[in-house]
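Here's a quick tour of some backbone oddities and a pocket. Have the sequence and the 3D view handy.

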Amino acid sequence: MKKLNSVIEPPHYFSWHENIVNSKHTGESKTALQEISVNVGLRYTVLKNNVSNKTIQSITINEEMQENSQYLLDCYKNKSKKTKAIFEKIKSVQSSERTLSFCPYCGVTLPNTHDHYLPAEIFPEFSVHPLNLVPCCSNCNSSKGMRWLEGGRRLFLHFYSDEVSSNQYLHVQLHQRPDALGIGAKFYISENVPQDLSADEWELVRSHYTKLLLIDRYNKEVNSEISSIFDVCRSHLASGGPDVASFLNNYSANEAGIYGVNYWRVVLMRELANSAEFIDKVEESAH
Ligand SMILES: [Zn+2]
């Protein structure tokens, strides 16, 4: 799990919205959007400032925007060329082509949707704000739904602004399992606050994992992932590669550079690299 690069200005964030409105055919929707244009622009600045001041939770609902909800939401739902240009821009500013191979929220599957961090039903004016659109898998998107705040505290990480820690807090414990490979595993999150996070930041990270049931999802995927890592290691040895532990450590270090040290596959590879039992099994099967 790693922070994403955010789209930066210039051009002004509001110009992405304006481009969509300008490209619309003349009609009720375009007229309504033009009438509220100045106030939508002001709301864009509110979101930008709150993101940079790390006070997203203080953004309040705006009645005028809610009254124009259908027009504002159409800017996103119609998926016009100008809307898709925002998606492309978000992709293009990431540090690696591979960054968005996995959903930033979970790291399990392809992010084939965009989450409105501030739910579009509540904040329709931010439906195409580049800081409110987070590439996301449909599983996380539907699981998050309209939830974002509880008792004044945010429930999910905002990957453009929140700190996610560069210390390892996600761990996995290997255990014996009665099947062909014989190795199973269970993920868990450390009880201690990572050194580089405040208590509040840590609570947000924990909430993110809990609300999206991430540990359960990793545990469901882990057996097939161990088999897949096993096969890769066996091919590596069979083709004359050097020892499995260094291979896995190098591989996981590379993946950690892209997805962070708390990416569940990185955590698993590191643990397997340290398991004499796993290494023995790979070596036996390769010879
Ligand atoms: Zn996801």
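What follows covers the ground rules, the unusual backbone spots and then the pocket.

## Ground rules

This is a predicted model, where local features need pLDDT of at least 70, side-chain atom pairs count only at pLDDT 80 or more, and totals for chains, interfaces and linings use all residues. Residues are numbered from 1 along each chain as its sequence is written, and side-chain values use heavy atoms, with hydrogens and water left out.

## Unusual backbone spots

Most peptide bonds are trans, and most residues other than glycine have a negative phi. The bond from E9 to P10 is cis, with omega near -10 degrees, and the one from P10 to P11 is cis too, with omega near -5 degrees. P10 sits in the segment before helix 1 (13-23); helices (H or I, at least four residues) and strands (E, at least two) are DSSP runs, numbered from the N terminus.

S165 isn't a glycine, yet its phi is positive, near 80 degrees. You'll find S165 in the loop between strand 4 (153-154) and strand 5 (170-176). L213 also has a positive phi, of about 55 degrees, and lies in the loop between helix 8 (199-211) and helix 9 (214-238).

## The largest pocket

Which residues lie nearest the centre of the largest pocket? They're Q57, R153, R154, D200 and L204, out of 15 that line the pocket. Helix 8 gives the most to this lining, with five residues.

A pocket here is an open set of points on a 1 Å grid over the protein atoms alone, where a 1.4 Å probe fits, with protein on both sides within 12 Å along at least five of seven lines; lining residues have an atom within 4 Å of a point.
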